[in-house]
Amino acid sequence: MKSVAVVLSVAAVMAVRAAPQGYGVPGIGGSGGSGGSSGGSGGQYASAPANYNFQWDVDDAQSGNYFGHGEEANNGVVQGKYYVRLPDSRLQQVEYTADDSGYHPVVTYEGQAQYGGSGGSGGSGSSGQGGGYYP
């Protein structure tokens, strides 16, 4: 009876050691991975900074939607810009850099805010539309 218990215990230990130990990229180490592969350099996937670029824009005159985003990453430094036409007709732009020291945005606005109404010289008062938020 003891020999059956020992055999079952050894089989259980071997099954646990052979099972994957979590999620992760195979061969990189940390949690998950190869679970104790023998020898080698640690896997077939090397860790490297992402290098990419993209740009997209939306300019729909019928709806008035105008916005976009572009970004480029090179050796761990990300630079980009995104923009949107605000409801008050100004163009808000955010140019940014993201690196090991954090996210560094610079926000700018182009144009004069237009709050609707029936024209005039921009005096005080309400247009009667209410409820809008205009920074």
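This passage describes the overall make-up of a predicted model and one of its strand pairs.

The chain comprises 135 residues, and its secondary structure consists of 1 helix and 5 strands. Starting at the N terminus, the order of these elements is α-β-β-β-β-β. Of the residues in the chain, 13% count as buried. The accessible surface amounts to about 10,500 Å², and carbon and sulfur atoms contribute 54% of this area. Among contacts with a separation of 6 or more, 16% are between residues 24 or more positions apart.

Strand E1 covers residues 52-60 and strand E2 covers residues 65-74. The two strands run antiparallel and are joined by 9 bridges. Within this pairing, Asn 53 has Glu 72 of E2 as its bridge partner. E1 and E2 form a hairpin with 4 residues between the strands. In this hairpin, Gly 64 adopts a positive phi near 85°.

A nonpolar patch lies on the surface and has an area of about 280 Å². Its members are Tyr 52, Phe 54 and Trp 56. Tyr 52 belongs to strand E1. The relative accessible area of Tyr 52 is 33%; Tyr 52 is therefore classed as partly exposed, because this value falls between the limits of 20% for buried and 50% for exposed residues. In a regular strand, side chains alternate between the two faces of the sheet.

Key
Residues numbered from 1 in each chain as written. Predicted model: local features only at pLDDT ≥ 70, side-chain atom pairs only at ≥ 80, totals over all residues. Heavy atoms only, no water. Pairing = 2+ DSSP bridges. Patch = residues over 30% accessible without salt bridge, like charges linked within 9 Å, V, L, I, M, F, W, Y side chains within 5 Å. Areas by Shrake-Rupley, 256 points an atom, 1.4 Å probe, with all protein chains shown as cover. Salt bridge = Lys/Arg side-chain N within 4 Å of Asp/Glu carboxyl O. Buried < 20%, exposed > 50% of the residue type's maximum accessible area, 1.4 Å probe, protein only. Contact = heavy atoms within 4.5 Å.
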